[in-house]
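Let us walk through this model by question and answer. The topics are salt bridges, helices, cysteines and the nonpolar core.

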Amino acid sequence: MNLQDSGTDESVEACWQRLPTTWRLMLDRGDSQAAAAGRGVLALIEAASAQPELRRLYPFTTRCVLRFGSGGGLPTETDTPAVEPLRDGRFRVLSPSLTRVIGETDTADAAVALVLAQLP
């Protein structure tokens, strides 16, 4: 993946702007069971958005897993690790295929640092 070719700046930035807003709205409307996962996802989005290397990629979530799309248009392909919040407040970094655990961390910032260390 060439990070420079991940998509148009405007569409990627729109995703980065929309995603935390969407999760905040879901948290405002959600139940207590989903709240912990939602807060974890929001913490991950905020930590990832501070990283220029990740800001070039399309952020999206699938079942509370934060992923980063590398293709243009809809984020249909990714070769970047994903990260998910755990019930105990920790975070798990997964391989791009979501089949292998790369590591677990205590904070969203540490999880994002692990994603950055694994970028292709």
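**Salt bridges, helices and core**

The side chains of Arg92 and Glu104 meet in a salt bridge, 3.1 Å from N to O; a salt bridge is a side-chain nitrogen of Lys or Arg within 4 Å of a carboxyl oxygen of Asp or Glu. This is a predicted model: local features need pLDDT of at least 70 and side-chain atom pairs count only at pLDDT 80 or more, while totals for chains, interfaces and linings use all residues. Residues are numbered from 1 along each chain as its sequence is written, and side-chain values use heavy atoms, with hydrogens and water left out.

Q: Which strands does the pair of Arg92 and Glu104 tie together?
A: Helices (H or I, at least four residues) and strands (E, at least two) are DSSP runs, numbered from the N terminus. The two residues are 12 apart in sequence. Arg92 lies in one strand and Glu104 in another, so the pair ties together E4 and E5.

Q: Which residues are linked with Arg92 and Glu104 in a network of salt bridges?
A: Arg90 also forms a salt bridge with Glu104, the closest N and O atoms being 3.6 Å apart. Arg90 sits in the loop between strand E3 (82–85) and E4, 14 residues from Glu104. Besides Arg92 and Glu104, the network holds Glu84, Arg90 and Asp106.

Q: Is Arg92 buried, partly exposed or exposed?
A: Buried means under 20% relative accessible area, exposed over 50%, and partly exposed in between (1.4 Å probe, protein chains only). Arg92 has 24% relative accessibility. That value makes Arg92 partly exposed.

Q: Which residue forms a salt bridge with Glu46?
A: The closest N and O atoms of this pair are 3.2 Å apart. Glu46 is in helix H2 and its partner is in helix H1, so the bridge ties together parts 22 residues apart in sequence. The partner is Arg24.

Q: What span does helix H1 reach from its first C-alpha to its last?
A: H1 runs over residues 9–29 and has 21 residues. The expected span of a helix is 1.5 Å times one less than its number of residues. That gives an expected 30 Å for H1, and the model comes close to it, at 31 Å.

Q: How many disulfides does the structure have?
A: A disulfide is a pair of cysteine sulfur atoms within 2.5 Å. Cys15 counts as buried at 14% relative accessibility. Cys64 is partly exposed at 26%. A search of the whole structure gives a disulfide count of 0.

Q: Which residues of helix H4 are buried?
A: H4 covers residues 108–117. Its buried residues are Ala108, Ala111, Val112 and Val115.
They cover an arc of only 95° around the axis (directions from the helix axis to the C-beta atoms), which puts them on the same side of H4. Asp109 and Ala117 are exposed on the other side, and the buried side is that of Ala108, Ala111, Val112 and Val115.

Q: Which element gives the most residues to the largest nonpolar core?
A: A nonpolar core is a set of buried Ala, Val, Leu, Ile, Met, Phe, Trp, Tyr and Cys residues joined through side-chain atoms within 4.5 Å. The largest one has 24 residues, and Leu54, Leu66, Phe68 and Val83 touch the most other members. Elements that give two or more residues are H1, H2 (32–49), E2 (65–69), E4 (91–94) and H4. The top contributor, with 6 residues, is H2.
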